Amino acid sequence: MKKEIFAENNIILNASFDTKEEAIIAAGKILYENGYVEKGYIDDMLEREKVVSTYIGNCLAIPHGIRNSDQKIHHSGISFIQVPEGVAFREGVANLVIGIAGKDDEHLEMLGKLASICSEMSNIERLKTAQTKSEILEMLGGVTE
């Protein structure tokens with residue numbers, strides 16, 4: 001049976017973080033606690049941030065693993081954290097932190113779909129102000145299809 005890539009348990013609304021590292025750890029922890037990845041994947045997400053910022057603009061950061069993270073991924077998964085006050089990354093402030101773990105290069109397709117959705121500032125605003133997890137699932141459900 002294939003595990004659902006994005007589910008309600010993968011979403012946190014109204015979070016607050018002092019550092020980008022805390023936000024990345026939280027995004028990884030969702031993936032770990034829901035069985036998508038091994039705990040060591042969180043370290044890989046932090047390592048990715050040291051190499052190149054995962055802040056992609058439009059108030060969005062997409063932390064993910066490094067080249068050799070594949071063996072730490074059990075199933076492809078997405079975590080979503082809404083940060084109304086924002087958290088500082090090198091290039092800007094992220095109000096949305098979306099963690100990705102892609103099995104067998106699925107992360108490339110997920111990143112492309114996320115980038116497409118999040119290139120529209122109206123979509124970013126809707127995600128930033130969503131009051132329910134079902135609103136988030138409705139908007140990002142297409143990423144996993």
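**View 1. Helix α1 lies across three strands of this predicted model.** Welcome to the structure, a predicted model. Helix α1 spans residues 20–33 and lies across β1, β4 and β5. To find the last two of these strands, look for residues 77–88 for β4 and residues 93–101 for β5. The helix runs at about 155° to β4.

**View 2. Five strands make an open sheet.** Following the sheet from one side to the other, you meet β1, then β4, β5, β3 and finally β2. The pairing among these strands is mixed. At the edges sit β1 (11–12) and β2 (55–57), each of which pairs on one side only. In general, strands of a sheet pair through backbone hydrogen bonds, in either a parallel or an antiparallel way.

**View 3. Strands β2 and β3 pair in the antiparallel sense.** Here the edge strand β2 meets β3, made of residues 60–61, over two bridges. A handy landmark is Tyr55, which stands opposite Ala61 in β3.

**View 4. Cys59 and Cys118 are both without a disulfide.** The structure holds zero disulfides. For Cys59, the nearest cysteine sulfur is that of Cys118, 10 Å away. Seen from Cys118, the nearest cysteine sulfur is that of Cys59, again at 10 Å. A disulfide would need the two sulfur atoms to be within 2.5 Å, so this pair does not count as one.

**View 5. Are Cys59 and Cys118 buried or exposed?** Cys59 has a relative accessibility of 17%, so Cys59 counts as buried. Cys118 is buried too, with a relative accessible area of 3%.

Terms used
Residues are numbered from 1 along each chain as its sequence is written. This is a predicted model: local features need pLDDT of at least 70, side-chain atom pairs count only at pLDDT 80 or more; totals for chains, interfaces and linings use all residues. Side-chain values use heavy atoms; hydrogens and water are left out. Two strands pair if DSSP finds at least two bridges between them. Helices (H or I, at least four residues) and strands (E, at least two) are DSSP runs, numbered from the N terminus. Contact means heavy atoms within 4.5 Å. Axes are lines fitted to C-alpha atoms, for helices over the stretch in contact, and angles run from 0 to 180 degrees between N-to-C directions. Buried means under 20% relative accessible area, exposed over 50%, partly exposed in between (1.4 Å probe, protein chains only).
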